[in-house]
Amino acid sequence: MLADDADTIIPAHRRADTSIVSDDDEDPGERGHYQFRIGDDGDVISLDRTSYIGRSPSAPRIATGGEPLLIAVTSPRREVSSTHVELRQLGPRVVVTDMKSTNGTFVTIPGGSPRKLRQGESLVVTPGTIVDIGDGILIEVLPMRLTA
């Protein structure tokens with residue numbers, strides 16, 4: 001993927017501190033899946049697979065790690081792109097990626113200020129993070145649910 005302002009190739013999943021996030025970077029003591037919720041009264045959804053959220057989301061042509069979850073949201077003012085954002089668990093981390101949305105993705109990590117992701121940018125987040133994709137649609141990252 002190409003960066004907005006240069007011809008530099010950026011890895012698909014890059015931490016905010018610029019170190020690469022690896023699929024095999026797993027803490028063996030914590031086995032489970034993070035969860036998320038769309039809106040205050042939305043269902044809790046497990047991040048047991050990659051999730052794409054948007055007005056009419058579709059999976060990338062080349063997908064890794066099995067069948068993704070596609071979640072369609074209503075966007076009356078069309079502020080939300082067709083496939084707006086990706087949520088993915090990589091080992092003990094949750095990664096939010098803007099899918100080159102038109103109006104942007106705003107991420108607020110607990111204790112921090114809202115940050116607008118650049119088109120295609122990824123950010124490692126923690127439970128309690130709020131992801132604003134527009135039209136009043138807020139996604140809350142929830143704690144990991146451990147499996148037996």
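Contact means that heavy atoms lie within 4.5 Å of each other. The exercises below concern a predicted model.

**Exercise 1.** Determine which residues Ile133 is in contact with, leaving aside its neighbours within four places in sequence.

*Solution.* Step 1: set aside the residues within four places of Ile133 in sequence. Step 2: list the remaining contacts, which are Ile53, Val73, Glu79, Val80, His84, Val85, Gly104, Thr105 and Ile139.

**Exercise 2.** State how many residues the largest nonpolar core has and which strand gives the most to it.

*Solution.* Step 1: the largest nonpolar core has 23 residues, and Phe36, Ile53, Ile133 and Ile139 have the most contacts inside it. Step 2: at least two residues of this core come from each of the strands S1 (32–38), S5 (85–90), S6 (93–98), S9 (122–125), S10 (130–134) and S11 (137–146). Step 3: strand S11 gives the most, with four residues. As a general background, nonpolar side chains tend to be buried together in soluble globular proteins.

**Exercise 3.** Decide whether Thr105 is buried or exposed, and find its side-chain partner in a polar contact.

*Solution.* Step 1: Thr105 is located in strand S7 (residues 105–108). Step 2: buried means under 20% relative accessible area; Thr105 is therefore buried, because its relative accessibility is 0%. Step 3: the side chain of Thr105 makes a polar contact with the side chain of Asp98 (2.6 Å).

**Exercise 4.** Classify Arg78 as buried, partly exposed or exposed.

*Solution.* Step 1: Arg78 lies in the loop between strand S4 (69–72) and S5. Step 2: exposed means over 50%, so Arg78, at 55% relative accessibility, counts as exposed. Step 3: Arg78 also has a positive phi of about 55 degrees, although it is not a glycine.

Conventions:
Residues are numbered from 1 along each chain as its sequence is written. This is a predicted model: local features need pLDDT of at least 70, side-chain atom pairs count only at pLDDT 80 or more; totals for chains, interfaces and linings use all residues. Side-chain values use heavy atoms; hydrogens and water are left out. A nonpolar core is a set of buried Ala, Val, Leu, Ile, Met, Phe, Trp, Tyr and Cys residues joined through side-chain atoms within 4.5 Å. Buried means under 20% relative accessible area, exposed over 50%, partly exposed in between (1.4 Å probe, protein chains only). A polar contact is a pair of N or O atoms within 3.5 Å; within protein, one must be able to donate a hydrogen and the other to accept it, and residues adjacent in sequence count only if both atoms are side-chain atoms.
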